[in-house]
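This report describes a single protein chain for a reader who has not met it before. The sequence and the model are shown first, and the description follows.

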Amino acid sequence: MFCRQLPGVAVGSLCEKCDGKCVICDSLVQPQKPVHICDECNFGSHQGRCIVCNGKGVSDAHYCRECTRLEKDRDGCPKIVNIGSARAGLFYDRKKYNDPKAA
């Protein structure tokens with residue numbers, strides 16, 4: 001899930017693995033507009049981290065041309081906030097249905 005709070009002046013970063021991708025649609029084509037993130041997502045230890053996978057940021061994040069044209073760049077802060085809880089929830093859901101992959 002995305003943070004979606006009101007973006008501030010801080011520009012988001014991407015790590016080497018995510019470099020060049022659009023933060024909304026993961027396409028690798030035509031970076032156009034820089035990504036601004038909210039002050040909360042750029043505070044303390046989160047400053048300079050990748051907004052997709054929370055790795056060490058090496059380059060600025062950009063929206064692709066298509067997401068800018070569809071105005072998806074105006075939806076709020078695009079930082080991913082709950083990857084850990086989603087993985088933990090998936091583990092317990094699989095365990096509940098006796099899935100062998102949960103072990």
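Of the chain's 103 residues, 29% count as buried, a term that means under 20% relative accessible area, with exposed meaning over 50% and partly exposed lying in between (1.4 Å probe, protein chains only). The model is predicted: local features need pLDDT of at least 70 and side-chain atom pairs count only at pLDDT 80 or more, while totals for chains, interfaces and linings use all residues. Residues are numbered from 1 along each chain as its sequence is written, and side-chain values use heavy atoms, with hydrogens and water left out.

The chain exposes about 7,000 Å², of which carbon and sulfur atoms supply 52%; these areas come from the Shrake-Rupley method with a 1.4 Å probe, and for residues only the protein chains shown count as cover.

The chain contains 2 helices and 6 strands, arranged along the sequence as β-β-β-β-β-β-α-α. Helices (H or I, at least four residues) and strands (E, at least two) are DSSP runs, numbered from the N terminus. Among contacts between residues at least 6 apart in sequence, 80% join residues at least 24 apart, where contact means heavy atoms within 4.5 Å.

The largest nonpolar core has 15 residues, and L14, V23, V35, I37 and I51 touch the most other members. Such a core is a set of buried Ala, Val, Leu, Ile, Met, Phe, Trp, Tyr and Cys residues joined through side-chain atoms within 4.5 Å. Beyond its neighbours within four places in sequence, V35 is in contact with residues including V23, I51, A61 and P78.

D60, in strand β5 (residues 59-60), is partly exposed at 48% relative accessible area. Leaving out residues up to four places away in sequence, D60 touches V11, G12, S13 and L14.

The whole structure holds 2 salt bridges, each a side-chain nitrogen of Lys or Arg within 4 Å of a carboxyl oxygen of Asp or Glu.

| Salt bridge | Closest N to O |
|---|---|
| K33 and D73 | 2.7 Å |
| E66 and R69 | 2.7 Å |

K33 lies in strand β3 (residues 31-34) and D73 in the loop between α1 and α2 (83-96), so their salt bridge ties together parts 40 residues apart in sequence. K33 is partly exposed at 32% relative accessibility, whereas D73 is buried at 9%. E66 and R69 both lie in helix α1, 3 residues apart, about one turn of the helix. In the same helix (residues 65-69) lies T68, which is buried at 19% relative accessible area and touches Q32, K33, Y63 and D73, not counting residues up to four places away in sequence.
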